[in-house]
Amino acid sequence: MEEVKFSEGTLALVNKIIRRYPEGKQKSALLPTLHLAQAEFEGWLSVPVMDYVASLLKIKPIEVYEVASFYSMYNLKPVGKCLIEVCQTGPCWLRGSDDIVEHLEKKLKIKNGETTSDGMFTLKTVECLGSCGTAPMLQCGADYHENLTAEKVDRLVEKLRTSDKRSSYMR
Ligand code: FES
């Protein structure tokens, strides 16, 4: 199996983040380190990746697993190149998020939680993304797409199809 290791640049960044905290408190660097890991290792956190993060932060693997499995922004299984996260909480639901999800399911020919067979898109519903005033909305990596309609969603999907970038929360 291939050794899990950050690139030199990412490792330097992780070490810089770790140095923000006093000795023995490296765990405080866990959330940003997991984001960097997810961005570097194809958008998801495998067990070997989480174990690698644990070794860098000098903490137990279980401490990484419990955090990574708590937040919806960490993926514990492979995801498509474009991860589409549709908000389904009250305000977005009242403004038609169910219709947006249904439209995406039909367009991408997958169900919520699935990935297209070409590995291009994963569709997921999530809780409030803090943009209730522009409901319904979705997130794709660091970008928000708001006041959605079926037409807007169609345009977005076509744009994403031609993108050569994997969606990431990191800018
Ligand atoms: S309810 Fe959808 S962003 Fe808040």
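Let me start with strand E3, residues 138–140, and strand E4, which run antiparallel and are joined by three bridges. If you look for one of these partnerships in the model, which is a predicted one, you can take Cys-140, whose bridge partner in E4 is Asp-143.

These two strands belong to something wider, an open sheet of four strands with mixed pairing, and the order across the sheet is E2-E1-E3-E4. At the edges we have strand E2, residues 121–126, and strand E4, residues 143–145, each of which pairs on one side only. As you move from one strand to the next, the twist averages 25 degrees.

Before we leave the strands, please look at the loop between E2 and E3, which is where Pro-136 sits. The peptide bond leading from Ala-135 to Pro-136 is cis, and its omega is near -5 degrees. As background for anyone new to this, most residues other than glycine have a negative phi, and most peptide bonds are trans.

Now, what lies across strands E1, E2 and E3? That is helix H6, and with respect to E1, which covers residues 82–87, the helix runs at about 155 degrees.

Helix H6 also brings us to the topic of helix packing. In general, two packed helices are described by the angle between their axes and the distance between the axes. For H6, residues 97–108, and H7, residues 150–161, the axes come within 10 Å and cross at roughly 40 degrees. An angle of that kind makes H6 oblique to H7, because it falls neither under 35 degrees, which would count as roughly parallel, nor in the range of 65 to 115 that counts as roughly perpendicular. The crossing of this pair is right-handed.

Which residues of H6 and H7 meet there? On the H6 side they are Ile-100, His-103, Leu-104 and Lys-107, and on the H7 side they are Ala-150, Val-153, Asp-154 and Val-157. Sorted by class, this contact of H6 with H7 has five nonpolar residues, one polar residue and two charged residues.

Let me set beside it a second pair, namely helix H2, residues 30–40, and helix H3, residues 47–57, which pack with their axes 11 Å apart and at an angle of about 140 degrees. H2 and H3 are therefore oblique to each other as well, and their crossing is right-handed. The contact is made by Leu-30, Thr-33, Leu-34 and Ala-37 from H2, together with Val-49, Val-53, Leu-56 and Leu-57 from H3. By class, the contact of H2 with H3 has seven nonpolar residues and one polar residue, with no charged residues.

Just after this pair, in the loop between H3 and helix H4, residues 61–68, you will find Lys-58. Lys-58 has a positive phi of about 55 degrees, although it is not a glycine.

Finally, let us step back to the whole chain. How many helices and strands does the protein chain have? The secondary structure comes to seven helices and four strands, and, read from the N terminus on, the elements run α-α-α-α-β-α-α-β-β-β-α. The chain is divided into domain 1, residues 8–68, and domain 2, residues 82–161, and the C-alpha centres of the two domains lie 29 Å apart. Taken along the principal axes, the C-alpha atoms of the chain fill a box of roughly 50 × 35 × 25 Å.

Technical notes: Residues are numbered from 1 along each chain as its sequence is written. This is a predicted model: local features need pLDDT of at least 70, side-chain atom pairs count only at pLDDT 80 or more; totals for chains, interfaces and linings use all residues. Domain bounds come from an automatic or database domain assignment. Axes are lines fitted to C-alpha atoms, for helices over the stretch in contact, and angles run from 0 to 180 degrees between N-to-C directions. Angles under 35 degrees count as roughly parallel, over 145 as roughly antiparallel, 65 to 115 as roughly perpendicular and the rest as oblique. A crossing is left-handed if the near helix is turned anticlockwise from the far one by less than a right angle, and right-handed if clockwise. Two residues are in contact if their C-beta atoms, placed from the backbone, lie within 7 Å. Ala, Val, Leu, Ile, Met, Phe, Trp, Tyr, Cys and Pro count as nonpolar, Asp, Glu, Lys and Arg as charged, and the others, Gly among them, as polar. Two strands pair if DSSP finds at least two bridges between them.
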